[in-house]
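Colleague: I am new to this structure and should be grateful for a close look at a single part of it. Please set that part in the context of the whole chain.

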Amino acid sequence: MDEWEKSSDDPKIREEYYDRRKAVLDEMAAVREAELRLREAIRQSKKEGREEGREEGKKEGREEVKKKVTKRLLEKGMDFKAISDITGMSEEEIKNLR
């Protein structure tokens, strides 16, 4: 206990202690900051993935509707050129739907 009291009275030892303590606290803060940034990056990535998936789903849905309409027009006897003009699909794509 006497040694501890002597060392705590020594300004040089006290300064070394505070320097070391500050370094440890700075390191802990840096780790915490890195964890927060990682969490935010993961959250943002998930959000972007959901938005991308939603857009892809919409696109696939539009394509599916276009194919169904094209098939119905074919069933009604409409010619390939007219269907192509209406749907924007190539005549080759229309032929492949049959």
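Modeller: Helices and strands are here DSSP runs, with at least four residues for a helix and at least two for a strand, numbered from the N terminus. The model is a predicted one. By that definition, the chain holds four helices and zero strands, and its elements follow the order α-α-α-α from the N terminus on. The C-alpha atoms occupy a box of roughly 105 × 20 × 15 Å along the principal axes. The radius of gyration is 35 Å, whereas a compact globule of 98 residues would have one near 13 Å. Of the 98 residues, 9% are buried.

The part chosen for closer inspection is helix H3, which spans residues 80-87. Ahead of the helix body, at its start, a side-chain oxygen of Asp79 comes to within 3.2 Å of the backbone nitrogen of Lys81. Within H3, the buried residues are Ile83, Ser84 and Thr87. These residues lie on the same side of H3, because the arc they cover around the axis is only 100 degrees. The partners against which the buried residues of H3 pack are helix H2 (11-75) and helix H4 (91-97). On the face turned away from this buried side, H3 carries the exposed residues Asp85 and Ile86. Just after the helix, Gly88 adopts a positive phi of about 85 degrees.

To return to the chain as a whole, its accessible surface amounts to about 8800 Å², and carbon and sulfur atoms account for 51% of that area.

Terms used:
Residues are numbered from 1 along each chain as its sequence is written. This is a predicted model: local features need pLDDT of at least 70, side-chain atom pairs count only at pLDDT 80 or more; totals for chains, interfaces and linings use all residues. Side-chain values use heavy atoms; hydrogens and water are left out. Buried means under 20% relative accessible area, exposed over 50%, partly exposed in between (1.4 Å probe, protein chains only). The arc is that of the directions from the helix axis to the C-beta atoms. Contact means heavy atoms within 4.5 Å. A polar contact is a pair of N or O atoms within 3.5 Å; within protein, one must be able to donate a hydrogen and the other to accept it, and residues adjacent in sequence count only if both atoms are side-chain atoms. The radius of gyration is taken over C-alpha atoms; the globule rule is 2.2 Å times the number of residues to the power 0.38. Accessible areas come from the Shrake-Rupley method with a 1.4 Å probe; for residues, only the protein chains shown count as cover.
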